[in-house]
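Biologist: I am new to this structure and would love a close look at a single part of it. Could you pick out the loop that interests me and walk me through how it sits in the chain?

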Amino acid sequence: MYREPLNNLQIIEYLKRTKEDTTIEEHRMALDASIRVFEKEKPEITLEQMQELFDFLRGKLPDSMSIVKKNMPILRDDQAFSIIWYIQEHLGRLPDKFELCHECKQIYDTDCGGIAVDFLRDAKEMGYNCTRKDRGHTFCSDCR
Ligand SMILES: [Zn+2]
């Protein structure tokens, strides 16, 4: 069975679970347990990381990275967010609480505000300043 290389936290956890006379089966169980511990503690994707991914898809590489220029994606805002949306909704690998603001074109965390304008009257009743052209779009709390 293929395994990803262990990271330092997994190795430390693994070593805590083994001793000199550990059997192969005990090694396997210790390894599985250490991976489970780490996976539970895997930090959540942050808003900044989501924005960085979005910017990358639009052609802006993070300073700490390099890439062959011809391999750099340069997508429109809606195309870039479609890829994020696919990973959120179809693969379930990114939190779906992050949305793209239709106005400022920044990623925002829906847990911290903002609105999806499905029904104009509902949005107005909730105190948002929306017009008919906002229907079907999402906005961060700074823009609406
Ligand atoms: Zn905005």
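What follows is a look at one loop, with the rest of the chain as its setting.

Biologist: Which residue is found in the loop between β1 (98-100) and β2 (107-109), and what surrounds that residue in the chain?

Modeller: Happy to help, and please keep in mind that this is a predicted model. The residue you are after is Lys105, which lies in the loop joining β1 (98-100) to β2 (107-109). Its backbone deserves a glance: Lys105 is not a glycine, yet its phi is positive, near 60 degrees. As for its surroundings, Lys105 has 15 other C-beta atoms within 10 Å, so the residue counts as partly exposed. That label applies because 12 or fewer such atoms would make a residue exposed, and 20 or more would make it buried.

Now let us step back to the chain. It holds five helices and four strands, and along the sequence they come in the order α-α-α-α-β-β-β-α-β. The domain assignment splits the chain into domain 1 (8-40) and domain 2 (47-139). Between the centres of domain 1 and domain 2 there are 39 Å, taken over C-alpha atoms.

Two other residues make good companions to your loop. One is Lys70, in the loop between α3 (47-57) and α4 (77-89). Lys70 is exposed, because 5 other C-beta atoms lie within 10 Å. From Lys70 to Gly136 there are 66 residues in sequence, and their C-alpha atoms are 35 Å apart in space. The other is Arg28, which belongs to helix α2 (residues 24-40). Arg28 has 12 C-beta neighbours inside 10 Å and so counts as exposed. Tyr14 is 14 residues away from Arg28 along the chain, and 9.6 Å separate their C-alpha atoms.

Finally, here is the overall outline. The C-alpha atoms of the chain fill a box of roughly 70 × 40 × 25 Å along the principal axes. The radius of gyration of the chain is 22 Å, whereas a compact globule of 144 residues would have one near 15 Å. Buried residues account for 14% of the 144 residues. Of the contacts between residues at least 6 apart in sequence, 42% link residues at least 24 apart.

To return to your loop, then: look for Lys105 between β1 and β2, with its positive phi and its partly exposed place in the chain.

Key: Residues are numbered from 1 along each chain as its sequence is written. This is a predicted model: local features need pLDDT of at least 70, side-chain atom pairs count only at pLDDT 80 or more; totals for chains, interfaces and linings use all residues. Domain bounds come from an automatic or database domain assignment. The radius of gyration is taken over C-alpha atoms; the globule rule is 2.2 Å times the number of residues to the power 0.38. Two residues are in contact if their C-beta atoms, placed from the backbone, lie within 7 Å.
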